[in-house]
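Me: I would like to go through this chain step by step, from its overall build to a single residue. Please reason through each reply before giving the value or name.

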Amino acid sequence: QAVRRIQFAAGHRVLGHEGKCAHLHGHNYVVFFHAEAESLDRIGRVIDFSVLKEKLGGWVEEYWDHGFIYYEKDEEVAEVFEKQMPAHRRFALPSNPTAENLAGYLLHQVGPEQLKGTGVRLVKVVVWETENCYAEVVL
């Protein structure tokens with residue numbers, strides 16, 4: 001396995017949460033992308049780490065970094081952004097933006113799309129929401 005660490009900052013709200021996470025807030029996330037290939041390349045790598053940074057880190061930077069990630073069914077947040085902050089970077093996730101769902105989205109949606117044609121696939125994504133809490137999703 002090859003593992004690439006990516007950091008990003010983003011806001012979110014967990015719709016229906018019982019506590020503070022029901023409010024708008026943010027995190028300095030750390031993501032670990034675990035990639036595998038059928039065999040190592042001619043110089044002995046799964047993939048060059050810079051390619052993982054470019055393809056996966058580039059996607060995160062373009063869509064999530066310094067933006068707001070929200071559940072697409074969170075009409076209140078969607079309305080605020082559309083009416084009051086239309087130029088602000090935002091991303092409507094098809095599920096509540098928990099660490100588990102962010103990891104799952106990266107593993108099942110972003111990874112296959114960004115790594116298409118490389119012969120490499122993501123097998124695990126770990127998302128650290130804080131220095132004490134993380135979630136991991138494995139194929």
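Reply: Before we begin, a contact here means heavy atoms within 4.5 Å. Please also keep in mind that the model is predicted.

Me: Among contacts between residues at least 6 apart in sequence, what percentage join residues at least 24 apart?

Reply: The count is restricted to contacts in the chain whose residues are at least 6 apart in sequence. Within that set, the share joining residues at least 24 apart is 63%.

Me: In what order do the elements of the chain run from the N terminus on?

Reply: The chain has three helices and six strands. Read from the N terminus on, these elements are arranged as β-β-α-β-α-β-α-β-β.

Me: What is the radius of gyration of the chain, and why does it count as being as compact as a globular protein of that length?

Reply: For 139 residues the globule rule gives 14 Å, and the value for the chain is close to this, so the chain is as compact as a globular protein of that length. Its C-alpha atoms fill a box of roughly 50 × 30 × 20 Å along the principal axes. The radius of gyration itself is 16 Å.

Me: Is E131 buried or exposed?

Reply: E131 is found in the loop between β5 (120-128) and β6 (134-138). The cut-off for the exposed class is over 50% relative accessible area. Because its relative accessibility is 72%, E131 counts as exposed.

Me: What distance separates the C-alpha atoms of E131 and G26?

Reply: Along the chain, E131 and G26 are 105 residues apart. In space, the separation of their C-alpha atoms is 13 Å.

Terms used:
Residues are numbered from 1 along each chain as its sequence is written. This is a predicted model: local features need pLDDT of at least 70, side-chain atom pairs count only at pLDDT 80 or more; totals for chains, interfaces and linings use all residues. Side-chain values use heavy atoms; hydrogens and water are left out. Helices (H or I, at least four residues) and strands (E, at least two) are DSSP runs, numbered from the N terminus. The radius of gyration is taken over C-alpha atoms; the globule rule is 2.2 Å times the number of residues to the power 0.38. Buried means under 20% relative accessible area, exposed over 50%, partly exposed in between (1.4 Å probe, protein chains only).
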